[in-house]
Amino acid sequence: MADEVTHGTTRGYSVFGCRCEQCVEAQQKYTRAYRSTESGRAVVRRQAKIQAKLQSACLNWLRENKPKVLEELRAQVRREVEEQHGR
Ligand SMILES: [Zn+2]
């Protein structure tokens, strides 16, 4: 039947939203293969560029509109990083 999930397929993952081990694995395999192609690498570069611009826009917005919140976040991140490095 057309409306039943076939597990272990990208269709199961993307159309039916199934997250069973086989469907996740099929989707990961497809994604890895796609990212190894030239157009896949172009998509990854574009997404990274968008992400970097978004982070920059968020930082600028915080700096202009909520400088105290930005300072609190900076202090929090510094503490987390220092804890990870055993200080
Ligand atoms: Zn499944």
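The protein chain, seen here as a predicted model, has four helices and zero strands. Read from the N terminus, its elements follow the order α-α-α-α. The radius of gyration of the protein chain is 20 Å, well over the 12 Å that the globule rule gives for 87 residues, so the chain is more spread out than a compact globule. Along the principal axes, its C-alpha atoms fill a box of roughly 55 × 30 × 25 Å. Burial can be looked at in the same spirit: buried residues account for 5% of the 87 residues in the protein chain.

The domain assignment offers a second way to find one's bearings. It gives domain 1, covering residues 1–36, and domain 2, covering residues 50–87. Taken over C-alpha atoms, the centres of domain 1 and domain 2 are separated by 36 Å.

Helix 2 is a good place to begin a closer look. This helix covers residues 21–35, and Glu 25 is found in it. Glu 25 has 13 C-beta neighbours inside 10 Å; a residue is exposed with 12 or fewer and buried with 20 or more, so Glu 25 counts as partly exposed. From Glu 25 to Tyr 13 the distance is 9.3 Å, C-alpha to C-alpha, with the two residues 12 apart in sequence.

Further along the chain comes helix 3, made up of residues 38–65. Its 28 residues reach 40 Å from the first C-alpha to the last, close to the 40 Å expected at 1.5 Å a residue. Helix 3 is hardly covered, and the count of buried residues among its 28 residues is zero.

Helix 4 spans residues 67–84 and includes Val 81. At 1.5 Å a residue, the 18 residues of helix 4 should span 26 Å, and this agrees with the 26 Å between its end C-alpha atoms. Helix 4, too, is hardly covered: among its 18 residues, the count of buried ones is zero. Just after helix 4, Gly 86 takes a positive phi of about 75°.

Two residues of helix 4 help to fill in the picture. Arg 74 lies in this helix and is exposed, because 11 other C-beta atoms lie within 10 Å, where 12 or fewer is the limit for an exposed residue. Between Arg 74 and Glu 64, which are 10 residues apart along the chain, the C-alpha separation is 15 Å. Val 81 has 10 C-beta neighbours inside 10 Å and therefore counts as exposed.

A last distance links helix 4 back to helix 2. Val 81, in helix 4, and Glu 25, in helix 2, are 56 residues apart in sequence and 32 Å apart in space, C-alpha to C-alpha.

Methods: Residues are numbered from 1 along each chain as its sequence is written. This is a predicted model: local features need pLDDT of at least 70, side-chain atom pairs count only at pLDDT 80 or more; totals for chains, interfaces and linings use all residues. Helices (H or I, at least four residues) and strands (E, at least two) are DSSP runs, numbered from the N terminus. The radius of gyration is taken over C-alpha atoms; the globule rule is 2.2 Å times the number of residues to the power 0.38. Domain bounds come from an automatic or database domain assignment. The expected span of a helix is 1.5 Å times one less than its number of residues.
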